[in-house]
Amino acid sequence: MEVAEKSMVLFPVKTLRNVLALLTFSALLTSGVSALSFSTIAGLTVSAARAEAQTPKIGKSGLPLPRYVSLAKPKVNLRKGPGLRYPIEWVYRRDRLPVEIIAEFDTWRQIRDWEGTVGWVHRNMLRGRRTVMIKDGTQVLRAGPEDNAQPLLQAEAGVIGRLVDCEGAWCRVEIAGTSGWLRSRDFFGAATSEDVN
């Protein structure tokens, strides 16, 4: 069902783009445009498509997709679809857990968790406050954004902290009242090299 809903959103745009490309190609062939000219035009079309793919998507809420948020309640139901009529697949029992919003439908948000599980929650169950969760093993919170910076504390997998900001591959986080730096690859809750202020 999720694939069908995603396809419904994307299908008309792709279809329109394909029809326009075919019409352009047909017009070029009938007008006798040289192969060199056509390859130049095709290259420009591919460049435009790549630029479009790099442009952030904006959801119906006016906010970018995807984006990271956190759970606002200590108990949140993850549903199979965007509505109360859909069955509950999982129940999260952890306040402040970071999740990624990947789609929006009315007042419902499709989220992905740290394990890649995808489902729908009501927007009232989420808040914009950014948090992070240590992914694997024990990670060292450091005084600066460098591998050899002074260690401040060690955080085990599953520990949740607050995201303060990011600079390239390093992010400043606060865990148990201590603020320090972690590589973004060591936690869930921010895209690699995300610029967070």
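In the predicted model, Arg127 is found in strand S9, which spans residues 126-127. With a relative accessible area of 24%, Arg127 is partly exposed, since the buried class ends at 20%. The side chain of Arg127 is joined to that of Asp95 by a polar contact of 3.2 Å. Beyond the residues up to four places away in sequence, Arg127 touches Val69, Ser70, Leu71 and Ala72, as well as Asp95 and Arg96. Lys73 lies 54 residues from Arg127 along the chain, and the C-alpha atoms of the two are separated by 9.2 Å.

A second arginine, Arg183, is placed in strand S15 (residues 178-183). Its relative accessibility is 19%, and Arg183 therefore counts as buried, the class being defined as under 20%. The side chains of Arg183 and Asp147 are joined by a polar contact of 3.1 Å. Asp147 also appears among the residues touched by Arg183, together with Ala169 and Trp170, when residues up to four places away in sequence are not counted.

Asp113 is located in the loop between strand S7 (108-112) and strand S8 (118-122). This aspartate is buried yet has no salt bridge. The nearest side chain of opposite charge is that of Arg112, at 7.6 Å, whereas a salt bridge requires a separation within 4 Å. Polar partners of Asp113 are nevertheless present: its side chain makes a polar contact of 2.8 Å with the side chain of Tyr92, and the Asp113 side chain reaches the backbone nitrogen of Glu115 at 2.9 Å. With neighbours within four places in sequence left aside, Asp113 is in contact with Tyr92 and Phe188.

Phe188 also takes part in an aromatic interaction. A search of the whole structure returns 1 aromatic pair. The pair is formed by Tyr68 and Phe188 in an edge-to-face arrangement, with 5.5 Å from centre to centre and 75° between the planes. Distant parts of the chain are linked by this pair, as Tyr68 belongs to strand S3 (residues 67-71) and Phe188 to strand S16 (residues 187-188), 120 residues apart. The angle falls in the edge-to-face class because planes over 60 degrees apart are assigned to that class. Tyr68 is buried, its relative accessible area being 14%. Phe188 is likewise buried, with a relative accessible area of 10%.

Conventions:
Residues numbered from 1 in each chain as written. Predicted model: local features only at pLDDT ≥ 70, side-chain atom pairs only at ≥ 80, totals over all residues. Heavy atoms only, no water. Phe/Tyr/Trp six-rings, centres within 6.5 Å; stacked < 30°, edge-to-face > 60°. Helix = DSSP H or I, 4+ residues; strand = E, 2+ residues; numbered from the N terminus. Buried < 20%, exposed > 50% of the residue type's maximum accessible area, 1.4 Å probe, protein only. Polar contact = N/O pair within 3.5 Å; in protein donor to acceptor, adjacent residues only side chain to side chain. Contact = heavy atoms within 4.5 Å. Lys, Arg positive; Asp, Glu negative; His and termini not counted.
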